[in-house]
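Colleague: Got a minute to go through this model with me? I'd like to start broad and then poke at a few details.

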Amino acid sequence: MDTNRTTVGILHPGNMGAAVAACAARNAAEVLWCTEGRSPASRARAEQAGLLPVSALRELLDRSDVVLSLCPPTAAEDLARDVAECGFGGVYVEANAINPERSVRIAELLGPDATVVDGGVVGSPPANGKSATLFLSGLQHATARVAELFEGTALRTKTLGSEVGKASALKLAYASFQKTSRVLVALSIGLAREHGVDQELLEVASRRTDSYLAEPEYIAKTAARAWRWGPEMEEVADTLAAVGLPPEMLRAAASTLARWDDAKDDSDLTVAEALDRLVQP
């Protein structure tokens, strides 16, 4: 299989999408992105990643052999529906943080024209010296094609089998711990601060460097990402409920994250400001 002749489309170049697309660009013939309805920030990320702009979704799909879907979880099915309406017939990588049932629905929505690969990215955006892993599940020929696109890049791949939904399940299983832990840090430090003992708490936590509690600076980053993480926690809760496990802890995490919705992508937010936003009058 010659990936140098493969054209890739990215939907859309957010922080993760742009980084993943830049990795794919190392092996693909070209990587396209659709400018329609996208923000100046998306344009800047796409240009920095070396992606080629097209004006409409249909043009991107007509020219692409492989499409990578990386968008907020709430938009995943609507985006897949738009792609299906255009009659896309290539490999569609559903790499959003959605529950396995939704991944299966998307595969059914796009079939039989397209081949859907279930995907889940674990780790930070693979750029600036950081790496991540793209877990894949689906038909062998399709997962192999996707894996070859990222050979030798900062985005590792691992195939989990042929069943659509496995990669999504792994992604959400990891996120249920990693992201909820960040929320608990904010609540712990926020509670300590309200009683004037936050510095003492941090001193205790500093003796346990393997604890997220020893990384309070991450609270501001969590707040800035809450608009994406909250819906992801709802996806985890739905996944837990579907297999008979209690979802309430994850729904509570989503509710807490919702208090930071107005901090979307605010890179200047301080820890104190983030904690202030958690406290309702």
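Modeller: Sure, we'll take the overall fold, then a helix pair, the cysteines and a loop glycine.

Modeller: Ground rules: this is a predicted model, where local features need pLDDT of at least 70, side-chain atom pairs count only at pLDDT 80 or more, and totals for chains, interfaces and linings use all residues. Residues are numbered from 1 along each chain as its sequence is written, and side-chain values use heavy atoms, with hydrogens and water left out.

Colleague: How many helices and strands are there in the protein?

Modeller: 11 helices and 8 strands, taken as DSSP runs numbered from the N terminus (helices are H or I, at least four residues; strands are E, at least two).

Colleague: And what's the radius of gyration?

Modeller: 20 Å, which agrees with the value near 19 Å for a compact globule of 281 residues. That's taken over C-alpha atoms, and the globule rule is 2.2 Å times the number of residues to the power 0.38. The C-alpha trace spans about 60 × 40 × 35 Å along its principal axes.

Colleague: What share of the residues is buried?

Modeller: 48% of the 281, with buried meaning under 20% relative accessible area, exposed over 50%, and partly exposed in between (1.4 Å probe, protein chains only).

Colleague: OK, helices. How do α4 and α5 cross?

Modeller: The axes of α4 (residues 76-85) and α5 (residues 100-110) come within 9 Å and cross at roughly 10°. The axes are lines fitted to C-alpha atoms over the stretch in contact, with angles from 0 to 180 degrees between N-to-C directions. The two helices are therefore roughly parallel; angles under 35 degrees count as that, over 145 as roughly antiparallel, 65 to 115 as roughly perpendicular and the rest as oblique.

Colleague: Which residues make the contact?

Modeller: A76, E77, A80, R81, V83 and A84 from α4, and R102, R105, I106, L109 and L110 from α5, where contact means heavy atoms within 4.5 Å.

Colleague: Switching topic: how many disulfides?

Modeller: The count is 0, using cysteine sulfur atoms within 2.5 Å as the rule. For C23, the nearest cysteine sulfur is that of C71, 19 Å away. C23 counts as buried, at 5% relative accessibility. For C86, the nearest cysteine sulfur belongs to C34, 9.5 Å away.

Colleague: Last one: is G37 buried or exposed?

Modeller: Exposed, with a relative accessible area of 76%. G37 is found in the loop between β2 (30-34) and α2 (40-49). Its C-alpha is 9.4 Å from that of A56, 19 residues apart along the chain.
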